[in-house]
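Student: Please take a close look at one part of this structure and describe how it is built.

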Protein chains: 2
Amino acid sequence: MSLLVVGSIALDSVETPFGIKEDVLGGSASFFSTAASFFTPVQMVAVVGEDFPKAHLDFLRARGVDTDGVSHEKGRTFRWKGRYTWQLNEAETLDTQLNVFQSFSPQLSERHRDAQYVMLGNIHPDLQSSVVDQVKSPRIVAADTMNFWINRTRPELLKTLKRVDLLFVNDAEARQISGEHNIIRAARGILGMGPQRIVIKRGEHGALLVEKDHLFACPAMPLADVFDPTGAGDAFAGGFMGTLATAGGSLDTSVLRRAMVMGSVMASFTVEKFSLERLHEISRADIHQRFSEFKRLTHFDDLPVLDA
Amino acid sequence: MSLLVVGSIALDSVETPFGIKEDVLGGSASFFSTAASFFTPVQMVAVVGEDFPKAHLDFLRARGVDTDGVSHEKGRTFRWKGRYTWQLNEAETLDTQLNVFQSFSPQLSERHRDAQYVMLGNIHPDLQSSVVDQVKSPRIVAADTMNFWINRTRPELLKTLKRVDLLFVNDAEARQISGEHNIIRAARGILGMGPQRIVIKRGEHGALLVEKDHLFACPAMPLADVFDPTGAGDAFAGGFMGTLATAGGSLDTSVLRRAMVMGSVMASFTVEKFSLERLHEISRADIHQRFSEFKRLTHFDDLPVLDA
C-alpha cells in the first residue's frame with residue numbers, strides 16, 4: 001500500500017574518525033524513502049533549492065521513489081554539518097543552514113492525499129498536523145520529533161500527538177515529552193497522549209516497541225565497522241513503515257515485530273558507509289540475509305518442559 | 001554439577017532515589033551464590049569479619065549455599081557505600097573499607113578443589129590465578145574483573161586471562177583491556193588473550209555473548225520500577241553459571257543462550273528491591289515465568305518463505 005513521507009532533504013557534511021564527506025545526500029526523508037523503497041512504493045514530500053544535484057533525485061527515482069512531491073524553490077538546499085567522535089552515538093552539530101527548508105509548507109497533491117501509511121518527519125508540529133489534515137483516511141500515521149520542538153512548541157506537539165498512531169523517539173525525547181525518567185513509564189506516559197505505539201530508538205542498543213499490553217525489544221546488529229551513524233534512525237523508520245505497508249493493513253504483533261527487525265536491518269546497513277552509499281549497494285537478498293542474522297543473534301529455545 | 005565461587009561478601013550501604021539502606025548483605029559472591037542457588041548447589045569461598053551478622057549466613061545456607069569456605073577473621077567485614085542518581089546505571093562510590101577483605105587469600109578445601117564450574121569474582125588477578133592452581137580439572141573457569149585491576153595489575157591480569165574460559169566485563173572494561181573502542185573488536189581482541197567466550201554486561205541495555213563464530217544478544221527486561229541496581233551484574237553471572245552447571249557439561253550454543261537469558265532473569269529480579277530482598281522472595285516458578293516473558297519480549301517470526 002502507498003507510503004507517504006513528509007520531511008527534509010539535506011546536503012550533509014559529515015566528519016567521522018574514518019573520513020570527511022561534503023555535501024552528500026542527507027535529510028530524514030531521503031534516508032526514510034530509500035530504506036522503505038525496498039519494501040513498498042514511497043511518495044516523498046519535501047523541498048530542495050536550486051543547487052540540489054539532479055543526480056540525487058535520479059537516485060531516489062531509480063529506487064522507485066515518487067519525487068513529484070519534492071518542490072524546487074529559489075535559494076539553497078537545507079544543509080547540515082556534523083561531527084562524530086569515536087563514541088559514534090551522538091553527532092555534534094557544527095552548522096545548520098535551513099535555507100529553503102525554513103519556509104517549507106507541505107502541500108499534498110490529490111494522489112498523495114490517498115496515502116494509507118503516513119510518516120511525519122521531524123518538522124514543526126503544526127506542519128505535521130497540516131499533513132494529517134490533508135490525507136483522507138490513513139491506516140496509520142507515524143511521527144518523529146526532536147528536543148527542539150518538544151522545548152519550543154510543546155502545546156502544538158501535544159495537539160499533533162493526539163492525531164498520531166505511532167511515535168518514534170529516543171530515550172531523551174521520551175523522557176522530555178513525558179517528564180518521566182524511567183523509559184517504560186515515559187513510554188506509557190506518551191501512550192496516554194494519543195499514540196497507541198511508541199518506538200524507542202536506542203542506537204547501538206537497539207529499539208523497543210511499547211504498546212499498552214505488549215513489549216518487544218530488538219537489539220542493534222553488533223557491527224565491527226560502524227562508519228557513519230547519520231540517518232540510521234530515519235532508515236530504521238523507513239524499514240519499519242515499509243514493512244508495515246506490505247502487511248495489507250494488519251497491525252498484529254507479528255507484523256509490528258517484523259517491522260522492528262526490518263527497521264534494525266536497514267539501520268545496520270546505513271551505518272556501514274557514508275550517507276546512502278550502503279543502501280545504494282544492497283539488494284533484497286542482502287536484506288533477507290541480515291534479517292536471518294538478526295534471528296540467529298536473538299533466538300533462544302524455550303525451557304525444556306521437564307525443567308519447568 | 002558443583003559450582004564454586006570465590007569473591008567478596010560485603011556489608012553495603014546504598015542510597016537510591018527511593019531510599020537508603022545501611023549495612024545490608026552485599027558483595028559479588030553473595031549476589032552470585034544466591035542467584036545461582038536456584039539452579040545448582042553452590043560452594044562459596046569468601047571472608048567475613050567479627051561483625052558479620054549470623055542471619056546473613058543463615059540466609060545463604062537456607063538457599064542451599066555451602067558456606068564452609070567462608071572464613072571468619074579478626075576485624076570488620078568489607079564495607080561499601082554507594083549512591084545512585086536517577087540514572088540508576090552507575091553507582092558513585094562514597095566509601096570503601098576493605099577491612100578483612102584486604103588480606104583475603106582463598107584456600108580451597110579438598111572438596112572445593114573438585115569443583116566443575118568455577119567463578120572467579122572481582123579480586124586481584126594473582127588471587128584468581130591461585131584459585132585456578134587449586135582446582136583439579138574444572139569444566140569451565142569464568143572470571144570477572146574491574147578497571148582497578150586492569151589499570152594497576154595488567155600483566156597479572158593477562159596471565160590470569162590465559163587460564164580463563166569465559167570473561168564477564170562491561171563495555172568500558174572490554175575497551176580498556178583490548179584497547180579497541182568498537183565493542184565487537186574489543187571482545188574479539190580479548191578472545192585472542194585466552195577466553196573462548198566474552199559476556200558483555202550492559203546493564204539496562206542487556207548483555208552480549210561473543211564467541212569466535214557466534215553472537216547472541218539478550219535485552220534487559222524493561223522494568224517500570226528499578227529500585228537498586230547493586231549486584232545485578234553478579235546475579236547475572238550467578239544465573240548464567242548456575243544454568244551452565246545444570247547442562248551436564250555441555251557448552252552448546254543453545255545452553256549458553258539459555259544461560260544468558262537466565263542471567264538476565266536473575267538480574268531483572270535483583271534490581272526490583274534493595275540488596276538480596278527480591279531474590280529472597282522469588283520461587284523457581286517466578287523464574288520460569290520471567291524466562292517466558294523474555295521469550296515474549298524478544299521473539300519474532302521468520303520471514304514468510306514466499307516473501308524471501
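Tutor: What follows describes a strand of chain B and its neighbours, and then the contact with chain A. This is a predicted model, in which local features need pLDDT of at least 70, side-chain atom pairs count only at pLDDT 80 or more, and totals for chains, interfaces and linings use all residues. Residues are numbered from 1 along each chain as its sequence is written, and chains are lettered from A in the order in which they are written.

Strand β12 of chain B covers residues 207–210; strands (E, at least two residues) and helices (H or I, at least four) are DSSP runs, numbered from the N terminus. Ala207(B) and Leu209(B) point one way from β12(B), Leu208(B) and Val210(B) point the other way, and all are buried, that is, 20 or more other C-beta atoms, placed from the backbone, lie within 10 Å of their own. In a regular strand, side chains alternate between the two faces of the sheet.

β12(B) pairs with β11(B) (residues 197–201) in the antiparallel sense over four bridges; pairing requires at least two DSSP bridges between the strands. Lys201(B) stands opposite Ala207(B). The two strands form a hairpin with five residues between them, and Gly203(B) in the turn has a positive phi of about 55°.

β12(B) also pairs with β13(B), again antiparallel over four bridges, and Val210(B) has Leu215(B) as its bridge partner. Four residues separate β12(B) and β13(B) in their hairpin.

The contact between the chains takes 31 residues from chain B and 31 residues from chain A, counting residues whose C-beta atoms, placed from the backbone, lie within 7 Å. β13(B) is one of the elements that each supply at least two residues to the side of chain B that touches chain A.

Notes:
Two residues are in contact if their C-beta atoms, placed from the backbone, lie within 7 Å. A residue is buried if 20 or more other C-beta atoms lie within 10 Å of its own, exposed if 12 or fewer, and partly exposed in between; C-beta atoms are placed from the backbone.
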